[in-house]
Amino acid sequence: MASLDDYRFVVLDAVERLRRDAETVKGSDRYDQGRQMAYYEILQRMLDSAETVGMTAEEVGMQGFDPGVLIGVRTNRAA
């Protein structure tokens, strides 16, 4: 059975990869806009879930990162 450290690694690794990939989408065509929206939805959902159980943005690797910037909306939730 996996340990809590294993789960923590999986979450932090997933967030790091998603953030890195999201920040590389620079196009403004409909395809890239759709990709940015998908990354926003995923990262925002992860942040919402973390906050629901009392975790901070820092604990899930989103310190100083606002998923809203991916779609041009500033929410200040992970600052």
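Student: Is Asp-32 buried or exposed, and what is its relative accessible area?

Tutor: Good place to start, and note that this is a predicted model, where local features need pLDDT of at least 70, side-chain atom pairs count only at pLDDT 80 or more, and totals for chains, interfaces and linings use all residues. Residues are numbered from 1 along each chain as its sequence is written, and side-chain values use heavy atoms, with hydrogens and water left out. Buried means under 20% relative accessible area, exposed over 50%, and partly exposed in between (1.4 Å probe, protein chains only). Asp-32 is therefore buried, with a relative accessible area of 12%.

Student: Which residue meets Asp-32 in a salt bridge?

Tutor: A salt bridge here is a side-chain nitrogen of Lys or Arg within 4 Å of a carboxyl oxygen of Asp or Glu. The partner lies 3 residues from Asp-32 in helix α2, about one turn of the helix; helices are DSSP runs (H or I, at least four residues), numbered from the N terminus. At 3.4 Å, N to O, the side chain that meets Asp-32 is that of Arg-35.

Student: How many salt bridges does this rule count?

Tutor: In helix α1, Asp-13 and Arg-17 are 4 residues apart, about one helical turn, and their side chains meet at 3.0 Å, N to O. Glu-16 and Arg-20 are also 4 residues apart in α1, with their closest N and O atoms 3.7 Å apart. Together with the pair Arg-35 and Asp-32, the count comes to 3.

Student: Which helix gives the most to the largest nonpolar core?

Tutor: Such a core is a set of buried Ala, Val, Leu, Ile, Met, Phe, Trp, Tyr and Cys residues joined through side-chain atoms within 4.5 Å. Of its 14 residues, Tyr-39, Leu-43, Met-62, Phe-65 and Leu-70 touch the most other members. α1 (4-24) and α2 each supply at least two residues. The one that gives the most, with 5 residues, is α2.

Student: Apart from its neighbours within four places in sequence, which residues is Gly-61 in contact with?

Tutor: Contact means heavy atoms within 4.5 Å. Gly-61 is found in the segment after α2 and is buried, with a relative accessible area of 17%. Leaving those sequence neighbours aside, the contacts of Gly-61 are Leu-12, Val-15 and Arg-19.

Student: How far apart in space are Gly-61 and Ala-2, C-alpha to C-alpha?

Tutor: Along the sequence, Gly-61 and Ala-2 are 59 residues apart. From C-alpha to C-alpha, their separation in space is 20 Å.
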